[in-house]
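Please examine the model shown below. The paragraphs after it explain its computed features.

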Amino acid sequence: MAPLLEVRDLHVELSTPEGKVHAVNGTSFQLEEGEILGVAGESGSGKSQVFLAVMGLLADNGRARGSVRFQGEELLHLSSRAMNRYRGRRMAMVFQDPMTSLNPYLKIRRQMTEGVRFHLKATRREARAKALALLERVGIPDAARRLGMYPHELSGGMRQRVTIAMALMCEPRLLVADEPTTALDVTFQAQILELLKELSVEDASRSLVTITHDMGVMAGLAHRVAVMYGGRIVETGPVDDVFYEPLHPYTRGLLESVPRVDAPSADLAVALPGQPPNLQRLPRGCLFRERCPRPRDECAVRSPSLLPLDGEHAVACHEVNP
Amino acid sequence: MPGATAKGAFAGERALAQWTGRGRDVMTRFSIKGILEKAPSVPGLSKRLEAASTLSEEQRLEDREAPAIAGRSLWADARRRLARNRMAMGALVVLALVGGAALLAPWISPHPYDEIYWDRIGSPPDWANAHWFGTDANGRDLFARTLHGARVSLAVGLLATVVSLIIGVAYGAVAGYFGGRTDGVMMRLVDVLYSLPFMFFVILLMVFFGRNIYLIFVAIGAVEWLTMARIVRGQTLSVKRREFVEAARALGVSSPVIIRRHIVPNVLGPVVVYATLTVPQVILMESFLSFLGLGVQEPLTSWGVLISEGARQMESAPWMLVFPALFLATTLFCFNFVGDGLRDALDPRDR
Amino acid sequence: MTEPLLSVRDLAVHFATKASWADRFKGNGGGSAVKALDGVHFHLREGETLGIVGESGCGKTTLARAVLGLVESSRGEIRYRGRELSKLGRGELHALRREVQMVFQDPLASLDPRMTAGDIVAEPLKTHEPRRSREEVRRKVRDMLAKVGLQPEMINRYPHEFSGGQCQRIGIARAMVLAPRLVVCDEPVSALDVSIQAQILRLLTELQRESGLSLLFISHDLSVVRTICHRVTVLYLGRVMESAPCDILYRRPRHPYTRALLSAVPVPDPRKERARRRILLKGELPSPWDPPSGCVFRTRCFMARPRCAADVPLWRSAGKDRGAACHFLPSS
C-alpha cells in the first residue's frame, strides 16, 4: 500500500536579515495510513518547519526544496490556490497555542464552519450540524451554546479541543498536531492526549503526526518515532525500539536528560552538554559532533545518512551504523 | 487564564533564539567544558572544572584577565538597520548639508545678511553680483538671509525639542512608574495644560516680555513636552510590567534608580522617533508665529519671517517666497523621512 | 528542631477589585476579590529545596512574590529567620533583599535588554555594596559569570546575544552574586529545552551544595520537581492540598488532586504509558473570583461527597513534614 505521505530530501531555508537559516537539511520519511508518527526534537530541530513545508504554510521568507508526495501527488511547488484544496480538506494542522490559533473576533461556529463550507460546499445547516457533532465528540459540554461563543469565553483546554474539532471538520486523512498540549496544564494535557488517542483508534484510515519535544507525550501516543536534530532525522523506528534501545547518542542523551515522575534521578549527570547547532552556519559533517561523547574522525567530514539497522529501526550515525 | 501555561509562548522565542546565531564562539568553547562536565560527580570537581574552563593555567599565573568581547547593543543593531534604509540615509545627508550651510552661513554667503543694497532692492537672482537667490524687499541678500534664517529655525526646532524631551521624559516616566493617584494627578495637569489655547499663551508672553528668541523656545517647549509626556507615560506603563523591572525591584533597587536605569533607556525608542517628528512641527510653529509677526526681531530672521515677507511679494517677486519655502519644505520632508526610518529601525521585534 | 529559615503560616493574598458600575447597578455594592492565595502554609529549612507545584491559577507566582515582599499579604505571616516580613522597616527590608533572591521564568525577559551581562550581574552589588570599587565589582562579576558556566569575556555582551540557557545562567548569577541564603526559583527551567534544563538544574544543585542555601522551587512540571526537591507542597486554587517529602509524595500520594496530577503526567516509557489508566478530572478550573464552597477541589474531585461542599477540610498531619487537606484520606 502506498504511503499516505512521502517526503524525500526536504530542505527548508529561511532568509533572515542576519543570513540564511537552514531549518531543515535533507529530511526523508514516509507515513502510512492509520499510523501515528511522533516527531521529537528540541527547538531548532526543524520539526515544525518540516510540516509547515508539507502543508504549504511556510512563512514568506521560507523556501523549500525536495519532494513531498501526498496521496501520490507532488505538493511542494503547487500554487497557493492549488494547496488550498488540500489544506483543511485532506490535511489539517492543529497548532500549539489555542489562544492565537483561533480568531478572537469570530464566534466558534463561524470559524468551524468556514472550512467545510468552502471545501465541501456544505450548506449552513449541514455545517452547523457537523460542528455540533464534532464539538460533542471532542468532549465539550453544552456544545450548542458554545458554538455561539467567542474564543476568549472558553478555557485553554476547551479552546484546544475546538481547534482539534475544527481540524476534523472536513475529515482529513492527515492530521498534524504541533505541540498540541504544551501550552496546557497537566490535567488538561491528559484529556487532550486521551482524545487524540481515541480519535486515531476510531478512524483507522486517518494518520496523525504529533510534533513535540515532550518525550512522555510521545511515548504515550506514537506508534513510530522520528527524532530530529539540526534539521535532520537522526533516528527513527517503532516507539518501543527507540525508547528502550536508543541508538543515536542524541536520542540517548535526550532520554537520559528527561526528568521523570516515576524515578528519582539522584545523579543529575548532564548527558547532553553544549548547545544546539547554529543553523546559519552548518558545520561540515555530522551536526551532533560537538556534543557527541564519541566522535570519530569521519564525523567531521561526512554527514551520516539515515540507514536502517534493525528492521524498521534506522539511525544516522557513523559509529553505530557505519 | 485557566488551563494554560506560559510554556507555549516561549517555544517560538526559543526557536528564534537559536536562529539568530548568537554567541557562536561561546558554543564551541562551551562544549569543551561540557565534555569535561560529563565526568561523574566528584567532590571538588566543580571547582576544578571552573578553573579549566575559564582561564588557562598560564593566564591565571600572570593574573591577566582575558579581554572582554565587545557586545552588540540593540542601538547598534538599530543603527545598522537605519544605515540600510536609503531614503533615511539620503534624508540625513540632506539635513547634514542644510545644517552645515546654516552653521557656516557667515562664511559661505558672499554678502552679510543685514546689509542693505539700496540700488538692488527687490531684484531677482543675479549671478553677476553674487546674489544667488536675489534680494528681498529691503535690498538684503536673500541667500544670506535664508541661511541665517536656517540657523534660527533649526536652532529653535532642535533646542525646543530637546527641552520638551527632557521635561516630557522625566514627567512621563515618573507618572507612569508610580501610577495610581500620582499618575492621575500628573496626567490631569497635562490635560488641563493641553486645553489651554497655545496662541493666547504665546501672545501673552510676547506682550509681557517682548519679542525675544529665547522666549520662543520657552513657549514652544512648554507646549511640546505635553505630548512627549503622554507618550513616555504610555511606554512606561508597558515597560514597568516587564520581568526585568520586577527583577530590579526584587533586588531592592530604589524607584528613582529603576526609572533612570531601566525605564528610561527602554522607552527611548518611540521617544526618539517622536522627537525627530517634533522638530519639523516646532519649526512650523515658529514659522507660523513669525508669519503672524510674533517671531524673531529684525534684523534676525527665520524661514517663517522670510516666507511671510515673500508671500506678500508673491506675484511680483516670486523668488522671495520660493527659496525659503523650498528650504523649509525640504527640511521638513527630511526630518519626516528620518523619523520613519528610525521607526522601522527600532522595530519592536528586537525589543 | 532548629527554627526553619522560612516559615509561612495561613498566608492569604487577596487582590481586591473595585466594584464596577455594572456591579453597583446590579446591587453588588462591594466589588469582588480574587483570592490568589488563601491559607497557604509551609516551611523551609536551611540547605533544603522545597518544591511548590500546581497548575495555572494555583497561586504559585503570587506566592513567590509574597515571599520576596513584592506583594502585600492580606492575612497570615511570613517569617524569615524568625522575623515577620510585614513588620520589617524599610532599612531592614532592604537588608533582607540581600539574603532572599529570585530567579525568574522567562530568561530573556527577566534581563534588561539595554544592559550588558556584566551590568546585570553588577546591579545587586551596586545596590547593596555601593562602597566597592569598580575594580572589585568587575572582578566579582567575572568570577560569578565563570561560576555559572559562562565565559567571563562575555561580560560586555547583551542578553539578546545569548541563548535561553545562557540567559538563565546570567539570571542565576545575578541572584547568587550577593551570596543569598534563600533563592526563590519561579519556573526557572520551563522555557528551556530539555537538554539545557538538565544543565541548569545541575547548576542550581551545585550552587546549593557549595553554599548551603535553600531553594524554593516553584514549578508546574512535576517531573522536574522530582529530580531536584527534597520536599514538595501541592497547591490548588490558592490552597495547600498536600505536602510531603519528595519520594513519599510521588510514590504514595494521598490527596485526590495529587493522585490525579501524578496520573496525568506522561512518562517517557511506552509500555508504562500503554498500561496506564489515567484518572481524568472532569470539569473546568473554577473561577478564582468565585471559588467553590468547602473544599475548593470538590468540583473536579472524583471522590467528592456532600460533606465536601459543606466543610473546608482541615489539615491532617501524618508525621514529620507530611500532611494533606481532605475529608477522605486513606489511612496511612
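The account moves from the whole of one chain to a single helix.

This is a predicted model, in which local features need pLDDT of at least 70 and side-chain atom pairs count only at pLDDT 80 or more, while totals for chains, interfaces and linings use all residues. Residues are numbered from 1 along each chain as its sequence is written, chains are lettered from A and ligands numbered from 1 in the order in which they are written, and side-chain values use heavy atoms, with hydrogens and water left out.

Chain C contains 12 helices and 12 strands (DSSP runs numbered from the N terminus: H or I of at least four residues for helices, E of at least two for strands). Its radius of gyration, taken over C-alpha atoms, is 21 Å, which agrees with the value near 20 Å for a compact globule of 332 residues (2.2 Å times the number of residues to the power 0.38). In chain C, 62% of the 332 residues are buried, that is, under 20% relative accessible area with a 1.4 Å probe and protein chains only.

In chain A, helix α8 (residues 186-202) has 17 residues and should span 24 Å at 1.5 Å a residue; its end C-alpha atoms are 24 Å apart, in agreement (the expected span is 1.5 Å times one less than the number of residues). Because 12 of its 17 residues are buried, α8(A) is largely enclosed by the rest of the structure. Among these buried residues are F188(A), I192(A) and L199(A). The buried residues of α8(A) pack against several elements of chain A, including β3 (36-40) and α5 (124-137), and also against α10 (256-264) of chain C.

Terms used
Buried < 20%, exposed > 50% of the residue type's maximum accessible area, 1.4 Å probe, protein only. Contact = heavy atoms within 4.5 Å.
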